[in-house]
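This report describes one protein chain, going from single helices to the chain as a whole. Keep the structure in view while reading.

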Amino acid sequence: MAEEEYIQQLRSKATELFLREEWKDSIDAYSNLISHCTHHQQQLSLHHPDHLQKLHKSLCIALCNRAEARSRLRDFHCALQDCDRALQIDASHFKTLLCKGKILLCLNRYSMALECFKAALLDSQAAGNSETLIGYVDKCKKFEFLARTGSLDLSDWVSNGFHGKPPELAEYIGAVEIRKSDISGRGLFATKNIDAGSLILITRAIVMERSILAGKDLSEDAQLAMWKNFIQKVSEFARKCYKTRDLIGMLSIGEDEEELEIPDIDLFRPENVGNVDSCEMIDMEKLLAILDVNSLTEDAVSANVLRKNNDSYGVGLWLLPSFINHSCCPNSRRLHVGDYLIVHASKDLKAGEEITFAYLDPLSPLSKRREMSMTWGIQCKCKRCRFENEVFTKQEIKEIEIGLERGMDVGGVVYKLEEHMKRLKVRGKEKAYLRASFWSAYCEAYRSDRSMKRWGRRIPAMDAVVDSVVDVVGGDHRLLKIMVEELKKNGGGGSGLVGMEKALKLARDVYGKVVKKQAMKTLVEFCVGD
C-alpha cells in the first residue's frame, strides 16, 4: 500500500507539471513514475490481477503523456518509443493513438499517421473528438496524395493575398537521383524529362532560423547571434533524431568531394525511418563545416519567398537541396513557403541532366561572378564561363566594359555589344551568354525613354532579348519584372494578350506550377509589383 501511495504522489506531481506545460520537468517526473510502475508490476503476483490492471493503466497513461511532452520538445524518436510501449500495454489506447498519429504527421509519415487516426476513430472516446480526428484523417489523405503525385496548388492562398498562415505542405521527391557530378562531387539528377515549372521536390527545413533586419543588412552582432542559435538548434535536433543525424552526416564539408559515398534517394523519403540503432555522433567541428557549406538563405538569387516579411532574414538547412550544385546557366529555382522549400525546373530538363542552382548572380558579368565565387569557394567551369573566359579577353568587349564603368549611354553600350557580336559571329546561346552578362545595361536602356528614343530602332526588341536570356539562365524574377512593366506601359490590345501569355509562361518558370492561371496573374502583380 505504501508503494501504491507513493506512485499516486508521483502521478499527481507529473500530471501537475504536464498541465502547466513544463515539458522538461514533466518528462523527468513521468520517467520516475514509469520506473516505479515497472518495478512495482514485477513485484505483484498473479494473485492481485486488479492491482496489476490498474498499474498497467497508469503505466500506459504515463508513457503516453511523456510521449506528448517529448514531442513538444521535438524529441520525436523517443516520443515514438513511448507510444509503442504504451500500445504494447493497450493496443487500442485512444490518447496514445492520437499522440502517435500527430507525431508521425510532424515527421511527414502520412500513411502511418493515417492508420493511427483511423484506429483511434474506432474507440468509444472518438465520439467527442470525431471532428478533430476526421480533420486529421483528411489532412493525412491530402498530404499522402501530394507526397505521391506532387500535385501542389496554392491558388486560394495566393488569390487571398497570402492572408493567414502559409498552407501546410507535404514533402515530395520527384523523378531524381543522387549521382557523381562533373561539376563537383555529387549532384542531383533528373531521371526523366521534366517540363519547365514542374515540381522537382518539396522539403521542410531541418531547422530554420530567422532574424529581424534593423536596416538593409544584418549587423555583425546580429549575424553571430543568429548563426549561434541556428547551430544550437541543428545540433539539438540531430542529437534527438537518429535519422536526421545520419542524413546530416552524409552532407559535404567542402573537402575530398570525390571520395564521398552516393546515398540512395530513398533514404531521404519520410517513410524511411533510418538506422534507429545508430549511435555515431557528429562532432561539432564537422557539423560547423557541414552548415557552412550547405545552409541556404531565403534571399538567394535563385529563390523567391511567398509572403516574405521584408524586415526579416532567414537561413535554414534542407537536406536534398544541399546536393544541388551551382551553374551560371541554372535550370532550377527555389520557392520558399514558410519553412518549406519548393524546388522546380526553371527550364526544360532532359532525363540524365544534372539539376543546378545559381549560387552567383547569373545576370552579372564574368568578373563579378568570379568575385562572388571566391565567397562561395567555388570555381565554375560551365560552358558559359569557359566561353566568356575566352571572349572577355578580346579588346572590343573590354572597351564595352570600360565604357559602361565610365557612364557611357547604356543604349550605346547595347548597340555596340550587338554590333561586336555580329562581327565576331557570336550566335545562339553564346549571344545569350553575353546578353545575360550585360543584362544591367539592356535593362536600363529599355527602361530609359531617352535611350529608347535614340537607340530603340538600332537595338533588339526587349522581348527578343528576354527570350534569349531565359534560354540560358532560365526563369528569373528580373526578366519577368521588365516584361510586365513593358506590358503595362503599352496597355492592352491583341499584342498585349500575346504578351501576357508570354509573361505567364515566364512566371511559371520563375515561381513554378504552384497556382492556376488566374492566381498566377495575382502572384505576378504581388511579386513583380514589389
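On the side of helix α12 that faces away from its buried residues, the exposed residues are Glu-371, Met-374 and Thr-375. The model is a predicted one. Helix α12 covers residues 366-376, and its buried residues are Leu-366, Arg-369 and Ser-373. Looking down the axis of α12, these buried residues fall within an arc of 55 degrees, so they line one face of the helix. There is a general reason for such spacing: an α-helix has 3.6 residues a turn, so residues three or four places apart point the same way. The cover over the buried residues of α12 includes α13 (383-391) and α16 (428-437). After α12 comes Gly-377, which has a positive phi near 70 degrees.

Positive phi values also occur in two residues that are not glycine. The table lists them.

| Residue | Phi | Loop | Relative accessibility |
|---|---|---|---|
| Arg-74 | about 60 degrees | between α3 (49-72) and α4 (76-89) | 39%, partly exposed |
| Asn-108 | near 65 degrees | between α5 (94-106) and α6 (110-121) | 5%, buried |

Why does Asn-108 count as buried? Its relative accessible area is 5%, and a residue is buried when that value is under 20%. Arg-74, with 39%, counts as partly exposed, because that class lies between the 20% and 50% limits.

A further buried residue sits inside a helix. Thr-244 belongs to helix α10, which spans residues 242-249. Its relative accessible area is 8%, so Thr-244 is buried. Leaving aside residues up to four places away in sequence, Thr-244 touches Ile-206 and Phe-237.

The next topic is a pair of helices. The axes of helix α9 (residues 220-240) and helix α11 (residues 284-294) come within 11 Å and cross at roughly 115 degrees. This crossing of α9 and α11 is right-handed. From α9, the contact is made by Trp-227, Phe-230, Ile-231, Val-234 and Ser-235, and from α11 by Met-284, Leu-287, Leu-288, Leu-291 and Asp-292. Sorted by class, the contact of α9 with α11 has eight nonpolar residues, one polar and one charged.

The strands come next. In what order do the five strands of the open sheet lie? The order is β1-β4-β11-β10-β7, and the pairing is mixed. At the edges stand β1 (172-173) and β7 (303-305), each with a single partner strand, so one side of each is left without a neighbour in the sheet. In general, the strands of a sheet pair through backbone hydrogen bonds, either parallel or antiparallel. Strand β4 (residues 199-204) and strand β11 (residues 340-345) run antiparallel and are joined by five bridges. In one of these pairings, Leu-199 has His-344 of β11 as its bridge partner.

Last comes the chain as a whole. It contains 22 helices and twelve strands. Its C-alpha atoms fill a box of roughly 100 × 50 × 45 Å, taken along the principal axes. The chain has 530 residues, of which 50% count as buried. Among contacts in the chain with a separation of 6 or more, 70% are between residues 24 or more positions apart.

How values were computed
Residues numbered from 1 in each chain as written. Predicted model: local features only at pLDDT ≥ 70, side-chain atom pairs only at ≥ 80, totals over all residues. Heavy atoms only, no water. Pairing = 2+ DSSP bridges. Helix = DSSP H or I, 4+ residues; strand = E, 2+ residues; numbered from the N terminus. Axes fitted to C-alpha atoms, helices over the stretch in contact; angles between N-to-C directions. Left-handed = near helix turned anticlockwise from the far one by under 90°. Contact = heavy atoms within 4.5 Å. Nonpolar A, V, L, I, M, F, W, Y, C, P; charged D, E, K, R; others polar. Buried < 20%, exposed > 50% of the residue type's maximum accessible area, 1.4 Å probe, protein only. Arc of directions from axis to C-beta.
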